[in-house]
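Colleague: I am new to this structure and would like a close look at a single part of it. Please take one helix, then place it in its surroundings.

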Amino acid sequence: MQPRPVSRRGFLAAAAGLLGGAGLLPLVTKVSSAAGATATPGQPHTAPAGPPGYPPAAPPPLGHGGNTTVGEIDVKRMGYDPVAFLTSFERGRTSRLANGRVLREFQVVAFDKEIEIAPGLFFPAWTFNGTVPGSTLRCQAGERVRVKFINAGSHPHTMHFHGVHTAEMDGVPGVGPGEILPGKSFVYEFDAEPFGLHQYHCHTLPLKRHIHKGLYGAFIIDPPQGRPRARELVMVMNAFDTNFDGENEVYAVNSVAFHYMRHPIKVRRHELVRIYLVNMTEFDPINSIHIHGNFFHVYRTGTRLQTSEFTDTIMLCQAERAILEVRFPYNGRYMFHAHQTEFTELGWMGFFEVTDDGI
Amino acid sequence: MVSERTSVVAAGRAAASSRTRLWLYGLLPLLLLALFVVFFLRFGPLGVFRAAFPPVEELTITRVALRPGHFDVYVTNGGPSPVTIAQVLVDDAYWNFTIHPAPTIPRLGRATITIPYPWVEGETHGITLLSSSGITFVHTVEVAAESPQPTAQFLLTFTLLGVYVGIIPVFLGVLWFPFLRRLARRWVHFFLSLTAGLLVFLGVDALAEALESAGHVPAAFQGTALVAVGFLASSLALIAAGRLARGRVSSSRLLVAYLIAIGIGLHNLGEGLAIGAAYNLGKLALGTFLVIGFMLHNTTEGLGIVAPVAREGAALRDLVGLGLVAGAPTIAGAWLGGFTYSPVLATLFLALGAGAIFQVVYEVLKLMIADAAQEVATLINVLGFALGLLIMYLTGLFVAV
């Protein structure tokens, strides 16, 4: 708030404060002790009943008081379940080309859809294949990739892949086919190179809006020899500016605030867990991940098979990505979240649940 | 004879039929309007406004009460369409909450949101409500302090405040009465002019406060129109009250004194509201000099009340009555503002006060005109008026340091 000159009323208010404070000192003391009591750490927090019309609120997560959303999203209505999304990979349809190479064909349809990004909070998204993030497209290095893109949305869109390809296949306005108008389609075709973790997104201008409205997804090119067997999870760090003021109201991985707090990600003790982490956060230049009680190996952009770092926190710029590999040695719940606490409190926080059987 | 009677009957009949017609003409537009509304509700607007406009959501946070361990947020939907509260943030963090009676608030409906939160005494907290479509409604608790509950202790606090800021200054001013009694007529007129100046200043101030407060009123309650209604209603009510009392009060001077007392009383009611609301809104600051400034600023009100009766005198009973009428409403206002602050009420009372004060200025001028043998706009009177404005302005400056 801007300081403003004291008005007659403001002055009255000040006088009220003085008189009240001076006249009733014992009362004021009582008030501060009451306020202090509520802030005492370790005090058990009781779970309030949910508001009418909402399912009862889950008990507040340990140690974070009431910092959570209230209610539960409707995954059926939205046709999108953040838990299922973690392990969903779209591998397309394969066939052999005359020269013996594998041809992998995908179909991606862009259309407008309202999505639920926190219980009861709806966002008018633009989607690839009806979800935000869009389907995780997965292929192997050296394959020929064909993506049939159909624009069934209300605005011109493109698919811009991060990877090596010709200029016409870059999916930007003014080059090659340029913007694909509503009702039109185009086939993007290129060789899957280099192996690693990439992404695709719409590159229509204004770019900020086309990305933050939801037009992005992970794009995995597996190395020819594959990677060690692991429990693989896709995490796209994203955020939503629901009131269009250029600042995000919701931060999450895979779109729904605090979803993995309510539905912890199940993993088995000692098993190799591989996280495909992509940062598609709009408006904030960086995002990060921190996993509690464990350290992970980092493969930046996934383009090398040797780890470059062993840490528990990494930072990614917009559009940067990394593969993380971790084994949890102990059972229990381990929190993971952005270590920008602002993002954490706005939804980017979850749990791993480590057990002997991983279910 | 017969024809005469016939004509009388005919005349009566004609009168009756013309009366029927009068009613018919008076009611016809209303009947048609009702039919049209029914038609509209039944068949809709026939595609005129049914375009895919996004909903216009307007929600006003009318008040945030701080209780031990939680906030109570009172909201009113002043917009054209229902608003559903999806989530709540405190200090940019999603927070647990409950909402009553329901998350969806209909047009002109109200709801209370309870947020368990370890707020920190003396610090600033921001509360954001997110609607289902992602629109945000923001309120800042500038200085967190527990909101008063109608307990004996807070009742006493507000009563004391009312006494300090309303009753004591007014009675101090009334003590100028013996001084005024001993003055010559033209000096009494000087003080009456000074009173008019004070009142004009107070009226402008009250009007400005009313208009500012109108900005916080939910749109559907039409803050600015509310100010106009309140302003005119109180001036008209004072005119009517003056008419009714004219026969009963022993002198027209005493009547004017009472009218001034009522006007200032209404103004003080608004002041009391502001004081109570300040507690409620957590806008508290401290400073002894402010109370002193307050005394200087408001003691002149008492002078204004007794100036009209200076020349003919008044019974002690009347002097006490005048002081109470002017000062006591501050206490009522403080209670009202402290326990059930609402921007709509605050706006209305401030406007009532402003209207009353301008009406009273008019009464004072009338009194002087009736009283003066010669021209009212004498140099002394003009100086008095200017001095009245100046006193208020200068004591206001002292307060705004």
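Modeller: The expected span of a helix is 1.5 Å times one less than its number of residues. This is a predicted model, and the helix chosen here is H2 of chain B, residues 152–174. Because H2(B) has 23 residues, it should span 33 Å, and the 31 Å between its end C-alpha atoms agrees with that. The helix does bend, by about 35 degrees, at Val163(B).

Several residues of H2(B) are buried, among them Phe154(B), Phe158(B), Leu161(B) and Gly162(B). Further along, Val165(B), Ile167(B), Pro169(B) and Val170(B) are also buried, as are Gly173(B) and Val174(B).

Next come the nonpolar cores. The largest one has 67 residues, and Met235(A), Phe336(A) and Phe352(A) have the most contacts inside it. Strand E10 of chain A, residues 231–240, gives the most to this core, with seven residues. A second, separate core has 42 residues and includes Val170(B), together with Phe190(B), Ala310(B) and Val364(B). Val170(B) is thus a buried residue of H2(B) that belongs to this second core. In soluble globular proteins, nonpolar side chains tend to be buried together.

As for confidence, chain B has a mean pLDDT of 82, with 88% of its residues at 70 or more. Over residues 283–289 of chain B, however, pLDDT stays under 50, although the model has 18 contacts beyond four places in sequence for them. Where pLDDT is low, the predicted coordinates should not be read in detail. For the complex, the predictor gives an ipTM of 0.76 and a pTM of 0.73.

Technical notes:
Residues are numbered from 1 along each chain as its sequence is written. Chains are lettered from A and ligands numbered from 1 in the order in which they are written. This is a predicted model: local features need pLDDT of at least 70, side-chain atom pairs count only at pLDDT 80 or more; totals for chains, interfaces and linings use all residues. Side-chain values use heavy atoms; hydrogens and water are left out. A nonpolar core is a set of buried Ala, Val, Leu, Ile, Met, Phe, Trp, Tyr and Cys residues joined through side-chain atoms within 4.5 Å. Buried means under 20% relative accessible area, exposed over 50%, partly exposed in between (1.4 Å probe, protein chains only). Helices (H or I, at least four residues) and strands (E, at least two) are DSSP runs, numbered from the N terminus. The bend at a residue is the angle between axes fitted to the seven residues ending there and the seven starting there. pLDDT is the predictor's confidence in each residue, from 0 to 100. Contact means heavy atoms within 4.5 Å.
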